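Here is a short tour of the structure shown below, chain by chain and then strand by strand. Keep the coordinates open as you read.

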Amino acid sequence: MSDILLSIKDLCVDFNTGDGIVRAVNNISFDVPAGKTVGLVGESGSGKSVTSLAAMGLIPNPPGKITGGEILFKGKDLVKASEEEMRRIRGKEISMIFQEPMTSLNPVFRVGDQVSEILMLHMGMTKKQAWARSVELLDQVGIPDPQRSALKYPHEMSGGQKQRVVIAIAIACEPKLLIADEPTTALDVTIQKQVLDLMFDLQEKYKMGLLFITHDLGVIADIADDVVVMYRSNLVEQGDTKKIFTAAGHPYTKGLLACRPALDKNPKRLLTVSDFMDESGAEISLDESKTKKVDKVYNPSEEKNPVLLEVNNLHVDFPIKGGVFGRTVDQFKAVNSVSFKLRKGMTLGLVGESGCGKTTLGRSILRLIEPTQGQVLYNGIDLTKLDKKQLRDMRSKVQIIFQDPYSSLNPRMTIEEVLLEPMLLHNIGGSKEERISKAKWLMEKVGLKSNQLSRYPHEFSGGQRQRICIARALAVNPEFIICDESVSALDVSVQAQVLNLLLDLQAEFGLTYIFISHDLSVVNFISDEVAVMKSGEVVELDTASNVYLKPEKQYTKDLLSAIPKGIPKALLAEQNL
Amino acid sequence: MSTQVLSNESVKKESVEIEESRSLWGEAWHRLKKDKVAMTCLIIVCLYSLIGLLSALGLVAADWAKEVGPSYAPPFENWDYILGTDIFGRDVLKKVIHGTQIAMSVGLISSLIAIPIGVVLGALAGYFGGWVDEIIVWFYTTFSSIPGIILLMSIAFVLGKGITTVYIALGLTSWVGLCRLIRGEVMKHKNREYVQAAGALGAGHGRKLFKHILPNVTHIIIIFTSLQFQVAIKSEVILSYIGLGVSGQPSWGTMIDDAKMELARDVWWQLAGATFAMFFVVLAFNILGDALRDALDPKLKGKG
Amino acid sequence: MFKSLLVVLSGVMILGASCTKKVDLKDRTLHVNVSAKVKGFDPVNAGDTYSSGEIARVYEGLLTYHYLKRPYTLIPNLAEDMPTVSNNGMTYTFKIKKGVKFQDNKCFPNGKGRELKAKDFVYSIKRMADAKNVSEGWWLLDKKIKGLNAWRTKYKTEKTNYDEVVEGVKALDDYTIQFTLSQPYPQFLYSLAMVYTFAVPKEAVDFYGKDFLNNPVGTGPFVTKPYTQGTRIEYTKSPSYRDVFYPTEGSAEDKANGLLADAGKKLPLVDKIVVSIITESQPAWLNFEKGKLDLNGIPKDNFESVVTPDKGVTDKYAKKGIDLVITPDLDITYIAFNHEDPLFKSNLKLRQAMSLAYDGDTANKLFYNNQGIIAQTLLPPGIGGYDPNYKNPYRQFSVEKAKKLLAEAGYKNGKGLPTIMYDTTATTVARQMGEYFKKQMAQIGINIQLNTNTWPQLTKKVKTKQTQIFGMAWLGDYPDAENFLQLTYGPNMAPGPNGGNYNNKEFNKGFAIATKMQPGPERAAKYKELAQKSAEDVSLLLGVHRTSFVVKHSWLKNYKFSTFNHGHSKYYSLDLKKKAEMINKL
Amino acid sequence: MSGNLNYIIRRLLYLIPVLLGVCGLVFLLFNVVAGDPTMLLLGKHADAQQMADLKAQLGLDKSLIAQYFDIVKSAFTFDFGRSWATKQQITEMLYQGAIPSLTLTIPGFFISTVMSLMIAIFVAYYRGKGIDLFIRTLAIALMSTSSLVYILVFQKYLAFELGLFEISGYEYGFPSFIPYIALPVVIWVVMSIGPDVRFYRTLILDEIYQDYVRTARAKGLSEKKILFKHVLRNALIPVITYTVVNLPFLILGALLLESFFSIPGLGGLTLSAVNASDFPVIKAMAILSAIAYILFTLVSDILYTLVDPRVKLN
């Protein structure tokens with residue numbers, strides 16, 4: 001075995017929040033061998049980020065504190081190291097990349113300066129030497145025209161380019177160990193692939209140890225040699241990637257692997273962590289019936305699934321202001337002549353990278369954003385022609401569920417008020433008692449306790465809040481719901497539960513969905529038909545299986561190829577042998 | 001592999017009951033209670049308000065005008081005028097207590113004038129935008145471009161003398177700050193998804209603004225009020241100096257104004273009395289204002 | 001890094017602080033202060049005492065008051081001697097001194113001051129009468145000089161022609177000027193001692209135009225640079241000042257006070273004057289105590305720490321060589337009733353009751369440190385018509401009498417009497433007096449509502465008869481009873497000086513006769529009778545004749561208080577040796 | 001650059017309606033609500049005729065609209081006519097008053113800004129610790145007393161009793177005014193440390209919790225270097241705009257300081273104008289400060305784009 005670069009032994013980290021001490025990391029031990037990539041996987045709140053920050057000695061002192069264990073880096077225990085020693089290691093021996101590329105760079109300094117700063121600090125270069133080296137590094141990380149880009153400010157670069165700059169900074173002093181905390185999560189899938197390939201090449205070139213932290217098992221499979229799985233501040237399993245992916249030991253790992261919607265499979269329902277592990281963490285035997293691969297079949301019949309929604313040549317343009325008096329000088333075409341039909345009871349998936357206009361399309365159909373021209377026929381009624389009153393009555397038929405669970409519920413209203421409001425607006429349910437009983441029924445329907453009506457939104461988790469939003473939408477007995485990135489903000493296990501819920505509700509109430517997302521595998525799982533959008537236009541529209549198996553447009557092909565396979569390298573090597 | 005499971009801050013257990021439900025206000029009060037300094041300030045403010053109320057009802061220091069001793073008797077020499085006397089031999093302590101009533105009423109009523117104007121205009125500008133916003137922004141830019149002290153003096157001068165002028169002048173010059181804050185906050189909340197969701201449910205402008213957005217900006221009003229009190233109390237002194245303050249009854253302003261004749265002859269106790277009385281309550285309002293901002297600011301709350 | 005910056009900063013602060021200016025001991029500079037902003041140096045607009053005080057240092061008039069003689073007597077200044085009065089008091093002819101030079105100024109050809117001529121006085125009088133100048137002194141000569149009013153209305157709007165001859169004001173030759181009145185007006189001479197009628201060179205007015213008020217060019221003892229409305233005005237001795245000598249005769253008391261030590265010496269006796277404008281009383285008093293000012297009026301409030309009950313200077317200040325000069329002033333404080341208000345109009349008993357209920361002595365103790373003289377009538381001591389041993393029956397404080405009268409007036413201990421609005425200015429002292437008056441009236445059941453205003457608001461209310469009762473003071477313009485009795489003269493009703501609109505036919509008739517008489521004993525008797533009648537009819541609630549209190553340092557010589565102290569700084573002198581000796585004791 | 005030019009022109013055009021608004025407010029206050037001032041100006045011997053003449057001369061007999069346009073004309077031509085109380089040319093008075101005011105307020109403002117920045121950085125560096133709370137409370141305590149009290153007490157005890165400072169007075173010219181403005185500057189600094197420290201501290205703290213600070217730490221930079229190089233550079237942007245927007249108020253001077261220390265500045269001028277109901281002077285002061293405020297806000301916006309690369313003028 002090549003020598004161990006980083007060895008964490010029984011690490012414990014506590015946080016002193018207002019309401020008492022919380023253990024964020026509970027005696028974790030694992031090693032990162034030199035030249036190898038270790039994937040640290042776990043859902044949000046599992047303590048994976050805290051572990052990485054501990055290795056860098058960056059845990060904010062109040063409120064966090066390392067309360068036990070050692071972090072040996074080339075034989076030296078970093079927990080006992082003085083701040084002075086840690087400063088010499090940070091950036092030189094160990095460097096770190098963070099998740100949010102948009103805010104990781106100092107907005108008021110040029111990119112070149114921020115790279116040369118670390119060179120001057122650790123390598124003792126002069127300003128001129130550092131600048132020259134920085135330009136080389138920018139070239140190495142694939143920044144176009146590095147000479148001119150070095151002079152740019154961060155806000156003049158895209159998210160992907162900024163992440164490349166952060167990587168350039170991290171590898172500037174050729175560190176032994178690189179820690180990457182969810183470096184590609186905020187990027188679009190095509191750019192994510194390029195950045196991952198870049199990191200992989202650099203690791204090869206500089207023989208660096210790489211500790212890669214993410215919640216996306218697909219990414220781990222592609223690049224990690226070993227995997228460490230964390231669940232609620234505990235290390236539940238570790239081992240080499242092939243063993244974990246083929247014969248996971250711990251029920252939580254099994255659950256995690258299973259609840260990921262895969263591109264090639266087309267199951268009716270997703271397995272969730274709760275199918276493998278009950279609340280207390282003990283394993284439960286898998287109910288065989290659930291694993292049976294039952295493919296969804298797409299056979300809309302005329303009478304059961306008539307056309308509910310027909311969109312013809314829909315345009316949404318935003319004026320661009322200019323000149324002295326702010327006259328409109330140009331139009332930004334957010335949605336450019338989109339047409340499609342949607343049958344009752346079916347789900348249309350709208351997929352595309354950020355900025356392709358999928359959200360605007362969804363909102364304009366509901367006239368939350370006024371479309372510039374085009375027709376939206378709902379049961380034959382053109383929504384664009386309705387006046388305010390008629391539109392209000394239509395509202396009960398057509399609903400929307402948003403992305404951010406934290407901001408889609410009024411923080412100052414109890415859940416009861418949230419659910420009762422739609423009923424009041426459309427006077428559903430004769431009396432207050434009737435409405436409250438309906439609210440209780442809705443809570444049960446979406447899998448929540450009916451006695452929690454008097455609670456406030458901030459007392460629920462992300463997944464629970466999204467269920468409340470669904471309940472709120474159901475309150476007006478709608479026929480058609482637009483889910484705008486409704487699961488993107490959730491952890492993969494919670495995502496699976498919500499997707500299953502949506503499918504159950506569709507089956508029970510015959511709902512019709514438009515499901516908007518940037519995550520192709522989620523769209524593939526839930527949609528019957530898929531529309532791929534690019535800069536305001538629908539480039540491809542077909543059934544889900546056709547789009548994924550027989551993509552026609554090159555753009556769709558690129559999208560599909562960029563999605564991590566989710567099959568460990570070692571396994572792939574064996575299959576090709 | 002021990003799988004000991006411990007709940008973590010942001011991953012709430014699906015099933016485990018949480019002690020009792022707490023609204024955002026409850027959360028804020030919970031956080032405020034832990035800040036010892038802020039609590040003492042709150043107690044000071046309540047104490048002053050109580051004294052002010054009692055004095056307003058005439059239960060305490062109603063006989064401030066009674067002559068209790070010789071003119072300019074020094075303090076701590078005689079129990080029935082412990083803080084000394086003024087030119088007419090009236091008890092400085094009673095005048096300070098009566099001054100509390102004036103100070104608290106100036107702060108309260110000037111806020112009551114400034115808040116409705118600031119909130120209504122701010123909300124309308126922030127929510128509707130377009131030409132409504134243009135006009136309201138033009139209106140408060142006009143108000144804020146004239147230096148506060150000149151505007152204050154002009155209004156007070158033009159309206160003539162007395163306590164009502166002090167209220168109106170302070171109210172009319174302080175709504176601008178609140179309006180600007182409310183406008184910014186309403187603009188921010190207008191685009192939040194819970195407001196759009198209400199729109200999708202068919203809620204009209206009125207409901208969206210008053211039922212959804214305004215409750216989420218009320219914390220600004222509370223922070224503004226505590227800071228407005230200290231501005232009002234200090235301005236009352238300046239107004240008394242230029243002769244436009246209260247007349248016919250003692251206030252901290254008139255007491256400090258009298259001192260400008262007395263200090264030269266070493267009569268310091270009336271000045272000291274008013275200054276210390278004012279010092280503690282203004283300090284308390286300042287610190288309370290900061291503490292409230294930290295406790296009530298949802299931004300910090302959201303970070304969980 | 002920032003520790004060093006903090007050190008540097010505090011260093012700057014201390015450096016700035018430590019260099020306080022030391023009191024200069026060598027040069028003969030008089031340091032005085034003025035307690036309000038000086039408006040400017042144009043005699044025509046000398047409405048307030050402070051601006052007139054500064055103007056009188058640079059300009060001079062035909063007549064002035066003798067420095068030492070009391071009661072105040074007029075003596076010639078630029079005039080050769082007192083005027084010859086002819087055609088039964090209607091024509092006054094003056095001879096003016098020869099060889100009197102205006103100060104050098106660039107408004108004169110080649111900068112040399114020219115000789116004063118009679119036509120300069122004609123020009124100055126006309127300038128005061130010119131409606132466009134809106135002079136506050138115009139009431140002095142309004143309808144008094146033949147042809148002047150006609151000339152004024154003629155040039156009200158278009159450009160004034162100063163050369164047009166006015167019948168009543170003529171320069172007979174270069175050195176004689178003759179005034180002809182339209183009606184006998186013995187007080188006319190006093191107006192020639194007032195700043196409004198001081199001599200102004202036409203060249204300066206034409207040369208400086210709108211800015212004339214900041215560029216004084218007079219014949220007076222001192223010269224000053226153009227006025228920049230700062231808080232410090234400096235004067236230096238005028239090289240071209242004519243020979244004026246310190247008066248040689250004075251009363252025995254003056255002699256005892258050393259006021260005749262410099263008799264006969266050429267004036268002015270100091271080289272330089274520095275006038276600081278200090279509006280707040282605390283800095284004024286502190287500067288005086290530090291020796292930065294040579295003299296200062298005592299703020300009433302600081303009085304007790306300076307003056308002992310027997311009017312001497314407390315030992316704390318005596319040790320520092322500070323002397324106190326106490327002199328009764330030609331003024332009267334009063335609370336006027338608005339006689340057009342039905343409440344007071346015909347209810348003499350109510351006015352009498354209020355007068356008796358007002359304890360003048362305590363007020364005197366509180367507000368004038370027991371030094372004011374309780375006023376029995378409108379006339380202050382030092383004026384013809386004042387009778388020291390007259391006791392006004394309604395000024396002897398007695399609550400029972402007041403209650404009895406109030407009952408007779410139909411308001412038994414205040415029942416049925418509405419709250420009376422008492423308007424006063426907003427200064428601290430005025431507010432405290434108002435509170436005192438309210439307390440006094442409460443003794444007999446009269447409820448007073450105090451209402452403080454800024455000075456302009458108060459004058460507006462008085463002039464538009466919107467008050468019930470209001471506090472006021474009157475400082476004599478000239479030492480003649482007419483100036484005081486006109487306060488209760490019917491035709492002078494608001495907006496004139498008779499703010500209370502008191503209108504008693506008998507009094508009006510008597511007043512018209514007395515003011516026409518030439519000064520003499522029977523006029524004084526007539527004045528005495530009129531004053532007592534108006535007092536007993538309680539035309540207004542009399543207050544006190546304030547005595548003025550000035551503290552001065554031991555090194556300031558020849559200081560004598562006068563109500564008309566304009567231009568008196570030329571008489572003061574400094575004992576520099578004493579100053580050097582005393583300064584370190586402060 | 002053309003974008004910026006358009007923006008500046010638009011902002012300048014925006015100045016006009018605001019200025020009209022200010023004139024309107026001043027007109028409402030003084031010409032409509034305040035009533036007829038002639039009574040006040042003619043002294044105790046005025047008669048009805050004299051008052052009528054004065055009213056005509058001051059143009060108060062014109063229709064209200066004409067009076068409003070007089071104010072607007074004065075706002076654009078800076079010719080405010082003459083003061084009613086002293087009959088001096090107002091523009092001349094303002095010019096004379098501006099210099100003494102600035103000699104007091106500019107050093108005061110400069111010293112207090114630098115000092116409070118120093119303290120704010122010091123406090124931000126030790127954020128959360130005892131010293132942070134102590135200094136902040138001390139700063140707030142300083143501002144919890146009325147400025148009138150500081151003036152009276154400091155003048156009596158520091159200037160008179162201890163003789164450290166001049167009691168009052170003012171002399172024009174560079175070296176000679178320093179002893180006179182020393183104590184007023186001390187009082188100005190004491191009064192403004194409180195709010196400034198509080199404001200600057202929140203600015204710095206907002207920056208310290210940003211992600212780029214975390215990246216800087218990961219680079220191995222020391223806490224001090226991060227604070228001074230990265231954080232301060234970002235925090236300076238709002239500091240500059242806040243400072244520039246406050247500049248116009250400096251011309252106004254400090255009303256109380258100037259009247260108690262007899263400094264012939266615009267503050268004292270305004271105060272005496274109010275006491276003497278000298279409407280033209282008050283109106284002139286209000287309009288001038290408004291114009292200065294609007295121009296300086298524009299300057300601060302433009303400065304904002306120069307200092308902060310992210311912001312483009314739009």
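## Chain A as a whole

Let us begin with charge: chain A carries 69 positive and 73 negative side chains, and the centres of these two sets are 3 Å apart. Please bear in mind that this is a predicted model.

Chain A contains 23 helices and 20 strands. Its radius of gyration is 26 Å, which agrees with the value near 25 Å that a compact globule of 577 residues would have. Along the principal axes, the C-alpha trace of chain A spans about 70 × 65 × 55 Å. Buried residues account for 58% of the 577 in chain A. If you take the contacts in chain A between residues at least 6 apart in sequence, 68% of them join residues at least 24 apart. About 23,100 Å² of chain A is exposed, with carbon and sulfur atoms supplying 54% of that area.

## A strand pair in chain A

Strand β6 of chain A covers residues 94-97. Where do its side chains go? I94(A) and M96(A) point one way, S95(A) and I97(A) point the other way, and all are buried. This fits a general pattern: in a regular strand, side chains alternate between the two faces of the sheet.

β6(A) runs parallel to strand β7 of chain A (residues 177-181), and four bridges join them. Within β7(A), A180(A) is the bridge partner of I97(A).

## Chain B, built from helices

Chain B offers another fold to look at, with 12 helices and zero strands. Its radius of gyration is 24 Å, well over the 19 Å that the globule rule gives for 304 residues, so chain B is more spread out than a compact globule. The box filled by its C-alpha atoms is roughly 80 × 60 × 30 Å along the principal axes.

In chain B, 59% of the 304 residues are buried. Among its contacts between residues at least 6 apart in sequence, 69% link residues at least 24 apart. The accessible surface of chain B is about 11,800 Å², and 68% of it belongs to carbon and sulfur atoms. On the charge side, chain B has 27 positive and 25 negative side chains, with the centres of the two sets 8 Å apart.

## An enclosed strand in chain C

How many of the six residues of strand β15 (residues 420-425) of chain C are buried? Five are, so the strand is largely enclosed by the rest of the structure.

β15(C) pairs in the parallel sense with strand β16 of chain C (residues 448-453) over six bridges. In β16(C), T452(C) is the bridge partner of T424(C). β15(C) also runs parallel to strand β17 of chain C (residues 469-475), joined to it by two bridges. There, Y422(C) has I469(C) as its bridge partner.

## Between the chains

Five pairs of chains touch, and the most contacts among them are between chains C and D. Chains A and C share no contact, and their closest C-alpha atoms lie 20 Å apart.

For a close-up, try E223(D), which is found in helix α10 (residues 223-252) of chain D. E223(D) is partly exposed, with a relative accessible area of 29%. Beyond its neighbours within four places in sequence, E223(D) is in contact with R87(A), Y125(D), R127(D) and R217(D). By contrast, D53(D) lies 74 Å from E223(D), C-alpha to C-alpha, with their positions 170 residues apart in sequence.

Definitions and conventions:
Residues are numbered from 1 along each chain as its sequence is written. Chains are lettered from A and ligands numbered from 1 in the order in which they are written. Side-chain values use heavy atoms; hydrogens and water are left out. The radius of gyration is taken over C-alpha atoms; the globule rule is 2.2 Å times the number of residues to the power 0.38. Buried means under 20% relative accessible area, exposed over 50%, partly exposed in between (1.4 Å probe, protein chains only). Contact means heavy atoms within 4.5 Å. Accessible areas come from the Shrake-Rupley method with a 1.4 Å probe; for residues, only the protein chains shown count as cover. Lys and Arg count as positive and Asp and Glu as negative; His and the chain ends are not counted. The place of a charge is taken as NZ of Lys, CZ of Arg, CG of Asp or CD of Glu. Two strands pair if DSSP finds at least two bridges between them.
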